[in-house]
Amino acid sequence: RLATRFGWNWLGDYPGGVWFCDLSPARELDGIAGAVARGLDVPLEKGDAIARLGAAISGRGRCLVILDNFEQVARHAEETVGRWLDAAAEARFLVTSREVLGLPGEQAYALAPLPGAEGAELFTCRAVAAKSDLALTAEDRAAIDPLVKLLDGLPLAIELAAARVRVMPPRSLLARMGERFRLLASAGGRRD
């Protein structure tokens with residue numbers, strides 16, 4: 001993914017390492033702590049897990065911590081990332097989220113659409129994650145590029161569409177989306 005690629009490209013700037021933490025299963029503070037502990041390879045013991053993780057991050061000096069899929073726990077930003085920023089002045093955090101966190105010093109970047117090949121790679125990766133026994137036919141593979149183009153290369157739209165392979169293959173998804181857009185385009189009336 002883009003955040004991981006960014007981390008690897010800038011690895012030399014972070015002698016304390018680049019640490020990837022997947023927060024997609026997290027919903028509450030203990031889920032955040034568990035995901036970050038796994039990403040940092042830090043055992044969690046009794047006590048204040050957030051403070052313990054702040055100390056672990058601080059101990060790595062100049063490091064990059066990538067917190068992926070933070071949107072569902074964004075309400076906990078101040079009590080997690082906010083505290084870690086205070087505890088680990090040299091650390092940098094790259095947080096992927098559909099929501100701005102509202103933390104002091106935060107810089108938000110909107111992602112541009114993905115080029116076709118990267119969009120297709122993201123679709124395939126997320127489709128396999130959604131359905132582990134997925135077997136793409138040649139017709140399905142041929143449908144992925146036009147599907148990504150129809151979705152304007154938007155990462156969120158691609159991920160949402162890829163999750164639908166649990167109920168229909170890419171070729172059917174493309175046909176149904178194409179029909180829906182043709183139907184909308186052929187509807188009479190105003191076009192605004």
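Modeller: Before we start, one definition: two residues are in contact when they have heavy atoms within 4.5 Å of each other. Please also keep in mind that this is a predicted model.

Colleague: Thanks! Let me try that on a pair of helices. Which residues of helix 5 meet helix 6?

Modeller: On the side of helix 5 they are Gly116, Gly119, Ala120, Phe123 and Thr124, and their partners in helix 6 are Ile144, Asp145, Leu147 and Val148. Sorted by class, this contact has five nonpolar, three polar and one charged residues.

Colleague: And at what angle do helix 5 and helix 6 pack?

Modeller: Helix 5 covers residues 116–130 and helix 6 covers residues 138–150; their axes are 9 Å apart, and the packing angle is about 110°. Angles of 65 to 115 degrees count as roughly perpendicular, so helix 5 is roughly perpendicular to helix 6. As for handedness, helix 5 passes helix 6 in a right-handed crossing.

Colleague: Helix 5 has another neighbour, I think. At roughly what angle do the axes of helix 5 and helix 7 cross?

Modeller: They cross at roughly 35°, and the axes come within 8 Å; helix 7 is made of residues 155–163. This crossing is right-handed. Helix 5 contributes Gly119, Leu122, Phe123, Arg126, Ala127 and Ala130, which meet Pro155, Ile158, Glu159, Ala161, Ala162 and Ala163 of helix 7. By class, that contact divides into nine nonpolar, one polar and two charged residues.

Colleague: Now the sheet, please. How should I read the pairing of strands?

Modeller: The general idea is that strands of a sheet pair through backbone hydrogen bonds, either parallel or antiparallel. In this structure three strands form an open sheet in the order 1-2-3, with parallel pairing. Strand 1 (18–22) and strand 3 (92–95) are the edge strands, each pairing on one side only. On average, neighbouring strands are turned by 20° against each other, direction ignored.

Colleague: How many bridges join strand 1 to strand 2?

Modeller: Five, and strand 2 is residues 64–68. To find one of the partners, start at cysteine 21: its bridge partner in strand 2 is leucine 67. Helix 2 (residues 29–40) packs on this sheet, where it touches strand 1 and strand 2, and its direction makes about 145° with that of strand 1.

Colleague: What about the other side of strand 2?

Modeller: There strand 2 pairs with strand 3 over four bridges, again in the parallel sense. Leucine 64 stands opposite arginine 92 of strand 3. Follow the chain from strand 2 and you pass through helix 4 (residues 78–87) on the way to strand 3, a right-handed β-α-β crossover.

Colleague: Which residues of helix 4 does helix 3 meet, and how do the two cross?

Modeller: The axes of helix 3 (residues 49–59) and helix 4 come within 9 Å and cross at roughly 40°. That makes helix 3 oblique to helix 4. Here too the crossing is right-handed. In helix 4 the contact residues are Glu79, Thr80, Arg83, Trp84 and Ala87, met by Ile50, Ala51, Leu53, Gly54, Ile57 and Ser58 of helix 3. They divide into six nonpolar, three polar and two charged.

Definitions and conventions: Residues are numbered from 1 along each chain as its sequence is written. This is a predicted model: local features need pLDDT of at least 70, side-chain atom pairs count only at pLDDT 80 or more; totals for chains, interfaces and linings use all residues. Side-chain values use heavy atoms; hydrogens and water are left out. Axes are lines fitted to C-alpha atoms, for helices over the stretch in contact, and angles run from 0 to 180 degrees between N-to-C directions. Angles under 35 degrees count as roughly parallel, over 145 as roughly antiparallel, 65 to 115 as roughly perpendicular and the rest as oblique. A crossing is left-handed if the near helix is turned anticlockwise from the far one by less than a right angle, and right-handed if clockwise. Ala, Val, Leu, Ile, Met, Phe, Trp, Tyr, Cys and Pro count as nonpolar, Asp, Glu, Lys and Arg as charged, and the others, Gly among them, as polar. Two strands pair if DSSP finds at least two bridges between them. A crossover is right-handed if, with the strands pointing away from the viewer, the path from the first strand over the helix to the second runs clockwise.
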